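The following note sets out several points on the structure shown below. They are offered for consideration alongside the coordinates.

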Amino acid sequence: MPVPVVYVVTLIGLVFGIVINAAIYKFIVFLAKGDASFRQLFSAVLFITPVTIIGTIISHLAVILFHVPKDITVTSLNALIRISGPWQAVLANIDLFVIWNLVLTGFLFIRVGRISPRISWVIIGVFYILSLIFQYVGTAINISVSWG
């Protein structure tokens, strides 16, 4: 695809991602009996999003400038511990920027969503553990279908 098309599609995807993220956070805040408007959560997600963007840029620059393999995320345990199979995807998700994003999201729930700190960190922990499990299972299924 031409580079300008990639940039436009990426920008549209980023905007949709921010809106969907804010909507999911609104639902979580509602379920946790917090109090925040969609606008407040959207603004908070805009505040957190650069962390993810910076992590992505660093990973892509490592691939381009230092010829790091595309399956390695340089800011994750994946870069330090070389394991093949589903665990490689799990280690890629144990990433400095992912964890930073999770911490900021926890504070978002506490400060903006007015959820108790305990409930906020439990929510963050549960979602992170579920993401690791889904990463493992999804990669295992993908490998079994690809090789099987």
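1. Histidine 67 comes directly after helix 2 and has a positive phi, near 55°. The model is a predicted one, and this backbone value should be read accordingly.

2. Helix 2 covers residues 38–66. Its 29 residues should span 42 Å at 1.5 Å a residue, and the separation of 41 Å between its end C-alpha atoms therefore agrees with expectation. The helix nevertheless carries a kink of about 30° at isoleucine 48, shortly before proline 50.

3. Isoleucine 48 is also one of the buried residues of helix 2, a set that includes Leu41, Ala44, Val45 and Thr49. The buried residues of this helix pack against helix 1 and helix 5.

4. The largest nonpolar core has 15 residues; those touching the most other members are Tyr25, Ile28, Val29, Leu41, Val45, Leu108 and Phe109. Helix 1, helix 2, helix 5 and helix 6 each give two or more residues to this core. Helix 1 supplies the largest share, namely five residues.

5. Valine 29 merits separate inspection. Leaving aside residues up to four places away in sequence, valine 29 touches Gly34, Asp35, Ala36, Leu41, Phe109, Gly113 and Ile115. Of these neighbours, Leu41 and Phe109 are also among the core members with the most contacts to other members.

6. Five aromatic pairs are found in the whole structure. In one of them, phenylalanine 97 and tryptophan 100 are tilted, at 5.8 Å centre to centre with 35° between the planes. The two residues are separated by about one helical turn because they lie three residues apart in helix 5. Phenylalanine 97 counts as buried because its relative accessibility is 10%, whereas tryptophan 100, at 41%, is partly exposed.

7. A further pair, phenylalanine 107 with tryptophan 121, is edge-to-face, at 5.3 Å centre to centre and 90° between the planes. Phenylalanine 107 belongs to helix 5 and tryptophan 121 to helix 6, so this pair ties together parts that are 14 residues apart in sequence. Phenylalanine 107 is partly exposed, with a relative accessible area of 39%; tryptophan 121 is likewise partly exposed, at 34%.

8. As to the overall fold, the protein chain has six helices and zero strands. Its C-alpha atoms fill a box of roughly 45 × 35 × 25 Å along the principal axes. Of the 148 residues, 30% count as buried. The chain exposes about 9,800 Å², of which carbon and sulfur atoms supply 75%. Among contacts between residues at least 6 apart in sequence, 51% join residues at least 24 apart.

Notes:
Residues are numbered from 1 along each chain as its sequence is written. This is a predicted model: local features need pLDDT of at least 70, side-chain atom pairs count only at pLDDT 80 or more; totals for chains, interfaces and linings use all residues. Side-chain values use heavy atoms; hydrogens and water are left out. A nonpolar core is a set of buried Ala, Val, Leu, Ile, Met, Phe, Trp, Tyr and Cys residues joined through side-chain atoms within 4.5 Å. Buried means under 20% relative accessible area, exposed over 50%, partly exposed in between (1.4 Å probe, protein chains only). Helices (H or I, at least four residues) and strands (E, at least two) are DSSP runs, numbered from the N terminus. Contact means heavy atoms within 4.5 Å. The expected span of a helix is 1.5 Å times one less than its number of residues. The bend at a residue is the angle between axes fitted to the seven residues ending there and the seven starting there. Accessible areas come from the Shrake-Rupley method with a 1.4 Å probe; for residues, only the protein chains shown count as cover. Rings of Phe, Tyr and Trp (its six-membered ring) pair if their centres lie within 6.5 Å; planes under 30 degrees apart count as stacked, over 60 as edge-to-face and the rest as tilted.
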